[in-house]
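Visitor: I am new to this and would like to be shown around, with the reasons behind the words you use.

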Amino acid sequence: MATSMAAAIAASLPAPTAATPSSVKPTYDAIPASMSKVIDIQAEIPITSVQLDAMVVSKIIKHGRESAFGTGTLLGLDFDGTVEVSNCFSLPAFPEEEDKAAKAVAQANYQRKVIGHLREVQGDENAVGFYQTTTVPLRQSLVDLQAADNARLRQGGILVVHDPSQASRGIASFRAYRLTPQFMSAYKQKKFATQSLIEHRLTFSSIFEELPIRIHTSALASAFLSMVSKPSSPTTLQSYAARSMTTLARPYSSLPPDFSHLDLGLPSAVTRNLEQVVEGLDSYRTEENNVAYLTRQIAREKTRADAYVTTRKEENARRIAQGLSPLPEEDVSRLFKIPPEPSRLESMLLLGQIDASAKNLEEATGTGLVRIYAAQDP
Amino acid sequence: MSLGASSSAVHINAPGAQRLPVAVRLDATAVFTILDHHLRKRDNQKRVIGTLMGIRTESDVQVRSAFAVLHSETADQVAIDEEYFQNMLEVTQKVQTREQIVGWYSTGSELNNFSALFQNYYAQQTGPHQAIHLLVDTGDRTKEFGIKAYLGSPMGVSAKPDNCVFVPVPVTLRQADGERPGLNLLRTASEEPNHTTPVLTDLQNLERSLLDVISMIDRVQNYVQSVIDGDIQGDPAIGRFLLDTLNTTTEGLEKGKLESLFNIHVQDTLMVSYLANLVRSQAEVSSRLTLVT
């Protein structure tokens, strides 16, 4: 009951975006009792959904069109379990060669600068997460980025992934994720060996949890959209042209309806998707080989160490039998460098990547089947 | 050719100008940014202004994005926060390296002599090209949403910065291929009662499209029926168009060919779907096995 009440209040209120201008001293009013359920200062209400504003959707799509792996910051508020993302800005692509620390510093500086500027025009100033435009759903860099800011952001922040390649199938693909607590605790310890994976019950599907996304358009944006999609009356010239020719003039609306979903062929999208799966499998195979090699290395070193210990023990036993003082039992770990167990993070991420690509493929083929049976003559 | 309210766009070759853009093509992103800025204006602000970023081509100006600019406006003077403007420009150009300043926007419905001053200021920023001015009327007073674009042209014998003739230029909505699905999604959201929608799945999208087509066929049927009944006068252009559409059939293909093509396609799709399933279950098994050891 409390949640539904809270939701009702949340719906009836304008988004609380009142940023106090820097010149005026902020005054803190007591939160009214009716609102205390929905405004959580301590970030106690768990995030259950994400809401994207029209501007955010449009900006992310634009960024996705311009660069293959675009990253940016999401700004907004969390309110009654919903993260309302009301603005975003793209981060410049810092050259890859730069060392990671310098890159992170440059990125943070840029972020602070832009947020400062946005504050001056009453924009939102709370970073709530990141967005990434990518065709590959799970990537190491993505996880690193998200995990690095996990502590700074309220409730760990969210991640919105947009896949621009889906646009060719007529889909605007947006997904929201957040890192799971299990993953974060493993990440903090920087341990991704098998034992740690078992302890945290980590598989690729438990790195991120997906959050449902809703798209919201402000009243003004709705007015704009309805204006551009409304068919306008043809001009005199156009109607004369239509009368004298065999073809009708094009639809007079600025945003005509789109029927790309009904396109039957679309082999390119499926082919690309299939290629992605195969590529993923290839790199997974390479990674598995690496892990197997390292495991063999560990096993070999271990056998050698064991063999050394046994010979030393046997020798000692012999020496004691002969009445000699035994040789000291040396620390084996200092004599033999047993390499640490390889991190399984990379292979886990690759598996996740393969799974996500295969899922996309499954969806595409599923719809493809429906489509072609629908087109078949009855 | 304005978006929304009609305007009479004329083209005048202003003396001394380099080359005049003949059309303004506007990205939806820029519009959303402007509208958001307008929503966030302070109570005592009459309008908000900002900078338009975009790309100039041979024939038109593409407005790709926009950012807000601080300004103050009183009864007898205006000021732009120049420092803010330069800072914002710097951070924007770090990300959008290809985009330049092409002009400025303002919300509201009127062009006044302050507009002329702003136009003069932006003309210095965009020189030697002309600055364009985008007037976004949010319908507060005129009750009609509309976007108009203008070029500034000096007026009078001796040009003064606060004198300016705003010459309308046609403005159209530009949409790249990759943007269509997104705009459709937003349109779906805007049509809902509370302006919110979940992201649609592939199948839901397909269903919507099919329903759209069905309703269109219904409309055409109604139209044809009422023409046959003599209720309304038939339009020959529509008649010819319908005839053309009905003539596009698959009869050109051999009888069995279509069926075999169909079967091949279905088999391919099933094969890929099977493969995808297989890969997914293998991946799942593999990740579980890691945990078992």
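Guide: What follows is a short conversation about a few places in the model.
This is a predicted model, in which local features need pLDDT of at least 70 and side-chain atom pairs count only at pLDDT 80 or more, while totals for chains, interfaces and linings use all residues. Residues are numbered from 1 along each chain as its sequence is written, and chains are lettered from A and ligands numbered from 1 in the order in which they are written.

Visitor: Why is A:Thr271 called exposed?
Guide: A residue is buried if 20 or more other C-beta atoms, placed from the backbone, lie within 10 Å of its own, exposed if 12 or fewer, and partly exposed in between; A:Thr271 has 11 within 10 Å, and is therefore exposed. A:Thr271 sits in helix H9 (residues 267-321) of chain A, helices being DSSP runs of H or I with at least four residues and strands runs of E with at least two, numbered from the N terminus.

Visitor: What makes E4 and E5 of chain A a pair?
Guide: Two strands pair if DSSP finds at least two bridges between them, and strand E4 (residues 127-133) and strand E5 (residues 158-163) of chain A have 5 bridges, in the parallel sense. Within E4 and E5, A:Gly129 stands opposite A:Ile158.

Visitor: Which strands are the edges of the open sheet of 9 strands?
Guide: The sheet runs in the order E7(A)-E6(A)-E5(A)-E4(A)-E2(A)-E3(A)-E1(A)-E8(A)-E12(B), with mixed pairing. Strand E7 (208-211) of chain A and strand E12 (196-198) of chain B are the edge strands, as each pairs on one side only.
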